[in-house]
Amino acid sequence: MLPLLFVADKYLMSLNLPPLGKPKQENVKPTSLFNKDKFAEAFKKGQKVFGHPGASLTWGINGIKGMSSVIGINGEEQTAKVLDEYANTHEGVYVFHSLMWPQSNGDTDHVLVYKNNVIIIDSKRWKSVRKYSISASGFVMRGTVPFPEGKVKTLYAVNRWKEALPNFKISAIVCIAQEKIFVQRDRNWYRAPFRLTEIDKLVDQLDYELKNVSSDIPDNYGLLQYLARLTVKPRNLRSEFIREDGINRQ
């Protein structure tokens with residue numbers, strides 16, 4: 001899993017490390033974790049899970065930084081545990097973590113692929129011991145009360161993926177990676193452009209989404225390669241801010 005060292009600046013300051021060097025510019029763009037050859041090698045070895053959960057947050061995508069990034073990464077890691085196990089126990093299922101939106105600024109936390117189905121999954125580490133619902137306009141509510149984080153960008157993300165992958169079935173899940181929460185499945189829930197679910201019911205939701213997909217459809221190598229090349233390499237703040245020559249002198 002992705003170490004919290006990448007995002008917890010206060011933790012870096014608490015360590016007994018060599019003097020800090022001059023930091024790089026903050027407009028550094030995320031880099032891809034896989035190229036064509038690296039993916040081919042991993043795929044040949046039977047790898048089914050690609051990318052690091054929370055990697056996009058290490059770059060401050062969508063303006064999320066500091067402890068909010070730590071909380072977000074924790075939520076993505078919890079969801080990733082479920083998805084990774086699902087991929088490794090279901091034939092033909094592949095999972096990708098932390099992908100850049102195609103031709104857009106933003107990221108998708110997780111993508112699950114089975115045959116011609118692509119499920120984009122957004123992890124949310126919202127408050128525990130709460131009930132969540134969806135309003136008639138498609139906003140997530142805490143109980144019956146709107147809250148700022150409930151204005152999810154899932155529909156926008158779905159449209160971007162549909163434009164990029166017009167020959168595949170695209171669906172979406174918003175997974176609340178938190179304990180002791182309840183999702184109200186009423187009329188609005190079924191009408192929403194995504195499925196809101198508790199993390200302990202994520203497997204059931206995936207089974208439902210994929211139950212009618214024919215196993216005779218072959219895996220699409222081109223699709224898998226494309227998604228792998230969108231995965232984000234975690235940003236290593238340690239290497240950017242700590243002078244390597246200082247380490248060597250220790």
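## A buried threonine in helix α3

Thr 79 has a relative accessibility of 0% and therefore counts as buried, the cut-off for that class being under 20% relative accessible area. In this predicted model, the residue belongs to helix α3, which spans residues 66-89. When the neighbours within four places in sequence are set aside, the contacts of Thr 79 are with His 110, Ile 121, Ser 123, Cys 175, Ala 177, Ile 199 and Leu 202.

One of these contacts, His 110, lies within the range of strand β3, residues 107-114, while Ile 121 and Ser 123 fall within the range of β4, residues 117-124.

## The six-strand sheet

Strands β3 and β4 both belong to an open sheet of six strands, whose order is β1-β2-β3-β4-β8-β10 and whose pairing is mixed. At the edges stand β1 (49-50) and β10 (195-198), and because each has a single partner strand, one side of each is left without a neighbour in the sheet.

Within this sheet, strand β2 (residues 93-100) runs antiparallel to strand β3 (residues 107-114), and the two are paired over seven bridges. Leu 99, for instance, has Thr 108 of β3 as its bridge partner. Helix α7, made up of residues 221-228, packs on the sheet and touches β2, β3 and β4, with its direction making about 35° with that of β2.

## The four-strand sheet

A second group of strands forms an open sheet of four, arranged in the order β7-β6-β5-β9, and here too the pairing is mixed. Its edges are occupied by β7 (145-146) and β9 (181-183); each of them has a single partner strand, so that one side of each is left without a neighbour in the sheet.

The pairing of strand β6 (residues 140-142) with β7 is antiparallel and extends over two bridges. In that pairing, Met 141 is matched with Pro 146 of β7 as its bridge partner.

## The protein as a whole

Taken over the whole protein, the assignment gives nine helices and ten strands. Of its 250 residues, 49% count as buried, and Thr 79 is one of the residues in that class. Among contacts with a separation of 6 or more, 68% are accounted for by residues 24 or more positions apart.

The surface that the protein exposes amounts to about 13600 Å², of which carbon and sulfur atoms supply 51%.

Technical notes:
Residues are numbered from 1 along each chain as its sequence is written. This is a predicted model: local features need pLDDT of at least 70, side-chain atom pairs count only at pLDDT 80 or more; totals for chains, interfaces and linings use all residues. Side-chain values use heavy atoms; hydrogens and water are left out. Buried means under 20% relative accessible area, exposed over 50%, partly exposed in between (1.4 Å probe, protein chains only). Contact means heavy atoms within 4.5 Å. Two strands pair if DSSP finds at least two bridges between them. Axes are lines fitted to C-alpha atoms, for helices over the stretch in contact, and angles run from 0 to 180 degrees between N-to-C directions. Accessible areas come from the Shrake-Rupley method with a 1.4 Å probe; for residues, only the protein chains shown count as cover.
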